[in-house]
Amino acid sequence: MAVFSHLLFGIIIGFVGVIPPGLLNLTAAKISVKQSQKAAMVFALGAAIVVIGQVYIGVFFSKLLNDSPDNLLLLEQFAVIAFIGLSIFFFIRAALDSGTPQVKKIDKSAVKLFAQGIILSVLNIFPIPFYIGFSSFLAGRGLFEFTYPMAHLFILGASVGTFMMLLAYIKYVKKFGFDSNTFARKINYILGGLTLLIAIFTIFRIYG
């Protein structure tokens, strides 16, 4: 029962963590619209694999980060720089795309899509404090163990949950009434605004 619960909690945290429109799921949806669902699935796989490392950091360094606020501060400062950089990138892409009336299909190779998923997921370090808090919350109530294989099943479950939610965005993005060309042109503005808001929110958390 404990084995199943750790896997289930991991799936839940991974699934819930990407339900709100964010960097990874909106990018996956964008690729699905501009290229294909199969291409977006390759991106999602790369992103989900990185989640394994992120949850691993969150789980096994939660006590260290809680005991050493300077480490958490350094992590959040790096997140601010990363998200400001991403915001600039997406706004530039949006400006370049705004003059194009029709969005052309862009066929990236599977390797490039997989690498893009890995890179964006690595840059998206904002969820790590969420993983830390969630694992600490469960551990404080006796529902989580920092030992093998329980913690590893939790980590694996989080990766699976993330991939499942990304698949939902990929599969249903067109069914929600998005026009392909309009969505693909405007998504960079959404991603740019989102990353900028996250950066501002993190700055307030650090210095507010």
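## An all-helix count and a surface pocket

The protein chain of this predicted model has 9 helices and 0 strands, where helices (H or I, at least four residues) and strands (E, at least two) are DSSP runs numbered from the N terminus. Residues are numbered from 1 along each chain as its sequence is written. Local features need pLDDT of at least 70 and side-chain atom pairs pLDDT 80 or more, while totals for chains, interfaces and linings use all residues, and side-chain values use heavy atoms, without hydrogens and water.

Of the 208 residues, 40% are buried, that is, under 20% relative accessible area with a 1.4 Å probe, protein chains only. Among contacts (heavy atoms within 4.5 Å) with a separation of 6 or more, 90% join residues 24 or more positions apart. The chain exposes about 10900 Å², and carbon and sulfur atoms supply 73% of that area, computed by the Shrake-Rupley method with a 1.4 Å probe.

Met1 lies in the segment before α1 (2–17) and is exposed, with a relative accessible area of 81%, exposed being over 50%.

The second largest pocket is summarised below; a pocket is an open set of points on a 1 Å grid, where a 1.4 Å probe fits, with protein on both sides within 12 Å along at least five of seven lines, and its lining residues have an atom within 4 Å of a point.

| Item of the second largest pocket | Value |
|---|---|
| Volume | about 300 Å³ |
| Lining | 16 residues |
| Lining from α6 | 6 residues |

Lys30, Ile31, Arg93, Lys108 and Gln116 are the lining residues closest to the centre of this pocket. The elements giving two or more residues to the lining are α2 (23–34), α5 (69–97) and α6 (110–123), and α6 gives the most.

Definitions and conventions. Grid points are joined across faces, edges and corners, and a volume is the space filled by probe spheres set on the points.
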